[in-house]
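Me: I should like to take a close look at one part of this structure and then see how that part relates to its surroundings. Please keep the explanation suitable for a first-year student.

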Amino acid sequence: KGGVPGTTFRYSSVGLMVLGRLVEKLTGKSLDKALRDNLTTPLGLKDTGFQPLKWVSAKSRLVATDARTSRGLLRGTVHDDVTNHLGGVAGHAGVFGTARDVAVIGQMLLNGGTYNGRRILSAAVLKQMLTNVNRGKPAIDAERPGRSADHGLGVEMNQPWFMGRLASPTSFGHTGFTGTSLLVVPSRRMVAVLLTNRAHPNWSWSDPDIHRVALHNVLAT
């Protein structure tokens with residue numbers, strides 16, 4: 001139902017799962033170690049990573065998620081069932097973090113791949129990442145009929161459904177099912193991070209897009 005490959009856009013977590021496997025192939029490391037060695041450690045981020053129960057000293061720092069499944073109340077355990085079956089580490093889900101840490105990642109992207117004078121991503125990689133690879137293609141998303149196909153490599157671009165009035169051809173970011181989002185607006189030199197908890201106690205009770213748009217509209221004034 002997604003159309004001929006290459007002609008339409010439909011978000012699929014499978015694509016990010018494959019990307020995670022590619023990272024493992026190219027680095028020769030498991031995805032959690034690749035994230036640690038290539039991103040979080042160089043950026044000095046101590047509160048971001050997979051499987052936080054292994055490194056977070058106080059479990060109370062970890063917000064609870066879905067309480068309605070056979071797994072019971074989850075705290076510090078990935079909400080996504082597929083990632084859970086994969087051991088808590090996958091390309092599409094399972095990373096825990098704080099707003100401060102996510103903002104540092106956003107600032108690095110805003111700075112052209114550098115943070116505190118240290119280069120994390122090359123300018124060439126960042127340029128490729130922020131090139132709209134789906135220009136002109138129709139998007140399929142029953143939940144978000146206003147969505148466009150505009151997408152870079154790993155980031156969504158110019159999407160009013162979550163960016164609100166901060167949407168523009170150069171604005172980019174990403175959202176998470178549990179209610180998280182990162183938005184970078186180069187024209188305003190702005191990074192906006194929102195970590196809501198849509199999945200507790202029942203993920204069907206709230207639409208995080210409403211809150212994302214409300215926040216971003218306030219920041220746009």
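My request concerns the helix α4: what distance should its 12 residues span at 1.5 Å a residue, and how far apart are its end C-alpha atoms?

Reply: Please bear in mind that the model is predicted. The expected span of a helix is 1.5 Å times one less than its number of residues. For the 12 residues of α4 this gives 16 Å, and the end C-alpha atoms of the helix are 16 Å apart, so the two values agree. After the helix comes Gly 112, which has a positive phi, near 80°.

We may next ask which residues of α4 are buried. They are Asp 101, Val 102, Val 104, Ile 105, Gly 106, Met 108, Leu 109 and Leu 110. The cover over these residues includes the helices α2 (31-43) and α5, together with the strands β5 (114-115), β8 (172-176), β9 and β10 (190-195).

This burial leads to the nonpolar core. The largest such core has 16 residues, and those with the most contacts inside it are Leu 43, Ile 105, Met 108, Leu 109 and Phe 172. Three elements each give two or more residues to this core: α4 (99-110), α5 (123-129) and β9 (180-185). The greatest contribution is that of α4, with six residues. A second core, separate from this one, has nine residues, including Leu 166, Met 190, Ala 192 and Ala 220.

Met 108 shows how a residue of the helix meets its surroundings. Leaving aside residues up to four places away in sequence, Met 108 touches Leu 39, Leu 43, Gly 113, Thr 114, Tyr 115, Ile 120 and Leu 121. Of these, Leu 43 is also listed among the residues with the most contacts inside the largest core.

Phe 172, another residue on that list, leads to Val 155. Val 155 lies in the loop between α5 and β7 (156-157). Its relative accessible area is 6%, and a residue under 20% counts as buried, so Val 155 is buried. Although Val 155 and Phe 172 are 17 residues apart in sequence, their C-alpha atoms are 6.1 Å apart in space. Val 155 touches Phe 172, and also Met 129, Leu 130 and Gly 173, when residues up to four places away in sequence are not counted.

Charged residues can be buried as well. Glu 156 has 2% relative accessibility and therefore counts as buried, and its salt-bridge partner, Arg 147, is buried at 10%. Their side chains meet at 2.4 Å, N to O. Asp 141, buried at 17% relative accessibility, forms a salt bridge with Arg 144 at 3.7 Å, N to O.

A further salt bridge joins Asp 209 and Arg 212, at 2.7 Å, N to O. Both of these residues are buried. They lie in helix α7 (residues 208-220), three residues apart, or about one turn of the helix. An α-helix has 3.6 residues a turn, so residues three or four places apart point the same way. Salt bridges with shared partners link Asp 141, Arg 144, Arg 147, Glu 156, Asp 209 and Arg 212 into one network. In the whole structure, a search finds 11 salt bridges.

Lastly, there are contacts that involve rings. The charged end of Arg 198 sits over the ring of Phe 177, at 4.4 Å from the ring centre. A search of the whole structure also finds two aromatic pairs.

Methods:
Residues are numbered from 1 along each chain as its sequence is written. This is a predicted model: local features need pLDDT of at least 70, side-chain atom pairs count only at pLDDT 80 or more; totals for chains, interfaces and linings use all residues. Side-chain values use heavy atoms; hydrogens and water are left out. A nonpolar core is a set of buried Ala, Val, Leu, Ile, Met, Phe, Trp, Tyr and Cys residues joined through side-chain atoms within 4.5 Å. Buried means under 20% relative accessible area, exposed over 50%, partly exposed in between (1.4 Å probe, protein chains only). Helices (H or I, at least four residues) and strands (E, at least two) are DSSP runs, numbered from the N terminus. Contact means heavy atoms within 4.5 Å. A salt bridge is a side-chain nitrogen of Lys or Arg within 4 Å of a carboxyl oxygen of Asp or Glu. Rings of Phe, Tyr and Trp (its six-membered ring) pair if their centres lie within 6.5 Å; planes under 30 degrees apart count as stacked, over 60 as edge-to-face and the rest as tilted. A charge sits over a ring if NZ of Lys or CZ of Arg is within 6 Å of the ring centre and within 35 degrees of the ring normal.
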